[in-house]
Amino acid sequence: MITTVRRVLFFIILIAIWEIIYRLNLLLEFFPGTAFPSPLNSVNELYIGFFETGILTEALTTSIQRLVMGFIIAIIIGTALGLLLARSKLADETLGSLVIALQSIPSIVWLPIMLMLFGTGTLSIIVIVTLGGTWVMTSNMRLGIKSVQPILIRAARTLGYKGSELVWRVMIPAAVPSFLSGTRLAWAFAWRALMAAELIGSGGLGRTLMDARDFYNMDLVIAIMIIIATIGLIMEYVIFDRIERKVFSRWGLS
């Protein structure tokens, strides 16, 4: 509770300083002609976008739908690939090299190809989101399986576990902390890939942000940035942090 209060106070102070700088026009001395936005005006844009015009509500709904779909697909593919690479030396030496190569390619680089194949619609963006989260999920799952303590595997084999039973009942449960870390990173990468893809694609928060820039509505630009940052904070502290504490406590890692 104390930590939450500190964080809230910290952001309130930042917003207050921001508003004071806006009111006193302090930045105009250094950057003449710039449209420095006000936090209060940005909050007003949030109200208008959500409760009057509905533009931000529609954009946020579209972005979340794309993100969730791409994220789920990335988790499924990444987990399966991670298991394959961890269990097969041949796959690790061949397919694993391809995964490393693909991981070094920013997701947005795939967008021109997706646009040529699927156009500017939702499918292209979902594929970009999926690519953004798959490779980091694959790497974390592979590392998690490979990092299972050998004594656990030997003990399980002594008890008669082997093959797929050994994987599902021993190795995967032992790799849950790595799986959780992978999902957290996959979410972050997928979220960034989504914003980058929507800047060029159609619909969603990214496209709305570009439209606001084209109309030189800096208050709306900041409002959308606040939405993006808020979702990131919610995912980190409300969802992933709580799940991580429970999992680490369950596995005796806290």
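**Aromatic pairs, pockets and helix packing in an all-helix chain**

F11 is partly exposed, with 39% of relative accessible area; this value falls between the 20% limit for buried and the 50% limit for exposed, so the intermediate label applies. The model described here is a predicted one. F10, the partner of F11 in an aromatic pair, has a relative accessible area of 48% and is likewise partly exposed.

The structure holds four aromatic pairs. In the pair made by F10 and F11, the ring centres lie 5.6 Å apart and the planes meet at 70°, an edge-to-face arrangement. A tilted pair is formed by Y47 and F51, with 5.3 Å from centre to centre and 40° between the planes. These two residues belong to helix α2, which spans residues 39-52, and because they are four positions apart there, about one helical turn separates them. Y47 is partly exposed at 45% relative accessibility, whereas F51, with 63%, is exposed. Elsewhere, F71, W187 and F240 come together in one aromatic cluster.

Aromatic rings also meet charged side chains. R7 is placed over the face of Y237, 3.9 Å from the ring centre. In another such arrangement, the charged end of R192 sits over the ring of F189, at 5.9 Å from its centre.

R7 and Y237 turn up again in the pockets. Both are among the residues nearest the centre of the largest pocket, together with T4, V8 and V238. This pocket has a volume of about 460 Å³, and its lining is made up of 16 residues. Helices α1 (2-24) and α11 (218-250) each supply at least two of the lining residues, and α11 gives the most, with eight. Sorted by class, the lining comprises nine nonpolar, three polar and four charged residues.

The second largest pocket holds about 320 Å³ of space. F11, already met as a member of an aromatic pair, is one of its lining residues; the others are L14, I15, W18, P39, V43, M225, I226, A229, T230 and L233. Helices α1, α2 and α11 are the elements that give two or more residues to this lining. The largest share again belongs to α11, which provides five residues. No charged residue lines the second largest pocket; ten nonpolar residues and one polar residue do. The lining of the largest pocket, for its part, includes four charged residues.

Away from the pockets, helix α8 (residues 164-174) offers a view of how helices pack. Five of its residues, L166, V167, V170, M171 and I172, are buried. The elements covering them include α3 (55-87), α6 (122-146), α7 (150-158) and α9 (176-200).

Taken as a whole, the chain contains eleven helices and zero strands, so every element along the sequence is an α in the pattern α-α-α-α-α-α-α-α-α-α-α. Of its 254 residues, 37% count as buried. Along the principal axes, the C-alpha atoms fill a box of roughly 75 × 50 × 35 Å. Among contacts between residues at least 6 apart in sequence, 69% join residues at least 24 apart.

Terms used:
Residues are numbered from 1 along each chain as its sequence is written. This is a predicted model: local features need pLDDT of at least 70, side-chain atom pairs count only at pLDDT 80 or more; totals for chains, interfaces and linings use all residues. Side-chain values use heavy atoms; hydrogens and water are left out. Buried means under 20% relative accessible area, exposed over 50%, partly exposed in between (1.4 Å probe, protein chains only). Contact means heavy atoms within 4.5 Å. Rings of Phe, Tyr and Trp (its six-membered ring) pair if their centres lie within 6.5 Å; planes under 30 degrees apart count as stacked, over 60 as edge-to-face and the rest as tilted. A charge sits over a ring if NZ of Lys or CZ of Arg is within 6 Å of the ring centre and within 35 degrees of the ring normal. On a 1 Å grid over the protein atoms alone, a cavity is a set of points where a 1.4 Å probe fits but cannot get out, and a pocket is an open set with protein on both sides within 12 Å along at least five of seven lines; lining residues have an atom within 4 Å of a point. Grid points are joined across faces, edges and corners, and a volume is the space filled by probe spheres set on the points. Ala, Val, Leu, Ile, Met, Phe, Trp, Tyr, Cys and Pro count as nonpolar, Asp, Glu, Lys and Arg as charged, and the others, Gly among them, as polar.
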